[in-house]
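Subject: Structure handover

Hi,

Here is the structure you were waiting for. My notes follow below it.

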There are 2 protein chains.
Amino acid sequence: MSNLVMTSDQILASARNFIVAGGYNGFSYADIAGEVGIRKASIHHHFPSKVDLVRTLVAHHRERTEVSMADLESKVPDPLALLRTYAGYWAKCIEDASMPFCVCALLASELPALPPEVAVEVRAYFRFLSSWLTKVMHRGAEQGVLKFVGSAELEAETFMATVHGAMLSARAYGNPAIFDAILTPTVQRLSAKVH
Amino acid sequence: MSNLVMTSDQILASARNFIVAGGYNGFSYADIAGEVGIRKASIHHHFPSKVDLVRTLVAHHRERTEVSMADLESKVPDPLALLRTYAGYWAKCIEDASMPFCVCALLASELPALPPEVAVEVRAYFRFLSSWLTKVMHRGAEQGVLKFVGSAELEAETFMATVHGAMLSARAYGNPAIFDAILTPTVQRLSAKVH
DNA sequence: GTTTGTATACCTACTAGAAGGTAGGTAAAG
DNA sequence: CTTTACCTACCTTCTAGTAGGTATACAAAC
């Protein structure tokens with residue numbers, strides 16, 4: 001049983017890496033089998049179809065993100081510090097190449113060609129992230145630690161867009177540092193202090 | 001000859017639509033053949049390999065973008081209006097679904113899995129767009145029509161990231177309006193007037 | 001405490017179809 | 001009579017997915 005969980009986790013981790021590199025159609029069961037060290041048919045034992053595999057992967061990713069965010073909120077109460085920590089988390093993932101792109105952002109880019117079951121999960125991730133950021137923006141404005149012109153919703157959407165776009169630029173330039181170069185001033189601009 | 005050009009243009013247009021929907025591995029020669037109304041082998045007559053086809057497509061896209069931008073600069077001299085027009089162009093493409101995503105942005109997202117010949121062209125597009133936006137930012141600051149804290153380069157990178165991220169959000173939400181909702185205030189924020 | 005049943009985790013071997021690509025032919029235009 | 005634009009027919013490799021087998025573990029039944 002513990003062996004099962006290990007292998008299925010290895011399959012999910014391998015699939016995540018492949019998707020982050022090349023999207024839904026950028027990998028095959030044979031690729032994963034080669035990396036994990038099992039046979040193609042064994043992957044079908046854990047995940048009957050490719051759709052099952054990727055749907056599970058995205059659902060788990062969203063659930064883990066939800067837990068991480070709740071965790072972060074309790075540890076880092078200040079909304080500005082929260083945004084800094086969030087941006088810093090991605091900066092680290094990109095810089096050490098452990099997760100050079102958000103798996104959901106990549107899948108979202110090919111959303112029209114995605115199996116519907118996967119598309120649903122991807123949209124759910126975006127909705128969660130957007131609502132979480134909106135909450136943070138709202139709280140920051142209330143506490144007077146964040147300052148912006150539009151609504152909290154709009155500011156959250158703009159922030160999320162900048163994060164995803166900065167990931168893309170880091171990849172296009174082959175320069176991880178550009179992510180932090182964009183995000184640090186973007187977070188700073190939201191600060192109510194100095195200016 | 002004119003018949004040839006027409007067909008090869010149809011092939012490129014079809015390939016562009018497929019890539020915009022699902023990326024490099026999201027379509028096949030059979031898909032294009034079906035859409036254009038010719039046989040698979042005929043595509044190989046115009047483009048010997050898939051790499052040739054996509055490399056040509058991206059190269060043409062960059063060249064046309066370069067011409068369009070030069071054109072735009074002569075018609076719209078004001079840097080702020082230039083940014084507004086650029087954002088408005090994409091807003092229109094997304095809203096009428098004629099080009100709901102930038103083909104180079106999509107390919108950039110799967111850059112690590114792309115054939116090197118294609119990757120080179122995609123990076124060239126990003127470098128061009130970045131340098132063009134930097135030029136616009138620089139000129140805008142000189143003329144006193146644009147105002148920002150960091151360097152023109154950084155502001156250009158941030159703007160480009162926001163554009164690409166806003167495209168992604170529009171796609172993820174299935175809501176074209178979110179692009180304009182993000183971009184209009186983003187451009188406005190760069191204006192030296194009012195605030 | 002063997003035996004028997006059942007589930008898990010993997011395997012080899014296979015299938016049908018789709019992938020990119022080739023060989024070689026035809027019809028028309030210059 | 002050569003080039004262009006297209007075709008049919010084919011090839012090889014890869015694709016997701018299936019069928020059916022084996023080894024192991026952990027039970028309950030005798």
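Ala97(B) sits in the loop between helix 5 and helix 6 (103-109) of chain B. Helices here are DSSP runs of H or I with at least four residues, strands are E runs of at least two, and both are numbered from the N terminus. Ala97(B) has phi near 60°, a positive value in a residue other than glycine. Most residues other than glycine have a negative phi. Ala97(B) counts as exposed, at 51% relative accessibility. The cut-offs are under 20% relative accessible area for buried and over 50% for exposed, with partly exposed in between (1.4 Å probe, protein chains only).

Chain A repeats the feature. Ala97(A) lies in the loop between helix 5 and helix 6 (103-109) of chain A. Its phi is near 60°. Ala97(A) is exposed, with a relative accessible area of 53%.

Some ground rules. This is a predicted model, in which local features need pLDDT of at least 70 and side-chain atom pairs count only at pLDDT 80 or more, while totals for chains, interfaces and linings use all residues. Residues are numbered from 1 along each chain as its sequence is written, chains are lettered from A and ligands numbered from 1 in the order in which they are written, and side-chain values use heavy atoms, leaving out hydrogens and water.

**Chain A overall**

Chain A has nine helices and zero strands. Its radius of gyration is 18 Å, which agrees with the value near 16 Å for a compact globule of 195 residues. That radius is taken over C-alpha atoms, and the globule rule is 2.2 Å times the number of residues to the power 0.38. The C-alpha atoms fill a box of roughly 60 × 35 × 30 Å along the principal axes. Of the 195 residues, 53% are buried. Contact means heavy atoms within 4.5 Å. Among contacts in chain A with a separation of 6 or more, 65% join residues 24 or more positions apart.

**How the copies relate**

A rotation of 180° with 0.0 Å of shift along its axis superposes chain A on chain B, with an RMSD of 0.0 Å. The two copies are thus related as by a two-fold rotation axis. The fit is by least squares on the C-alpha atoms of residues with pLDDT of at least 70 in both copies. Of the interface residues of chain A, 100% are also interface residues in chain B, so the copies meet through the same surface.

**Core**

Which residues have the most contacts inside the largest nonpolar core? They are Leu107, Phe159 and Phe179, in both chain A and chain B. This core has 144 residues. A nonpolar core is a set of buried Ala, Val, Leu, Ile, Met, Phe, Trp, Tyr and Cys residues joined through side-chain atoms within 4.5 Å. Leaving aside neighbours within four places in sequence, the contacts of Phe159(A) include Leu83(A), Met137(A), Leu183(A) and Leu190(A).

**Helix 9**

Helix 9 of chain A covers residues 177-190. Its 14 residues reach 21 Å from first C-alpha to last, close to the 20 Å expected. The expected span is 1.5 Å times one less than the number of residues. Its buried residues are Ile178(A), Phe179(A), Ile182(A), Leu183(A), Thr186(A), Val187(A) and Leu190(A). Seen down the helix axis, they fall within an arc of 145°, so they line one face. The arc is that of the directions from the axis to the C-beta atoms. Their cover includes helix 5 (79-95), helix 7 and helix 8 (152-173) of chain A, together with helix 8 (152-173) of chain B. In chain B, the buried residues of helix 9 pack against helix 8 of chain A together with helix 5 (79-95), helix 7 and helix 8 of chain B.

**Helix 7**

In chain A, the 28 residues of helix 7 should span 40 Å, and its end C-alpha atoms are 41 Å apart, which agrees. Gly144(A), just after the helix, takes a positive phi of about 75°. Pro116(A) lies in this helix and is exposed, at 58% relative accessible area.

In chain B, Glu121(B) lies in helix 7. Glu121(B) counts as buried, at 16% relative accessibility. Leaving aside neighbours within four places in sequence, it is in contact with Arg55(B), Val58(B), Ala59(B) and Arg62(B). Val136(B) is also in helix 7 of chain B, buried at 0% relative accessible area.

Best wishes
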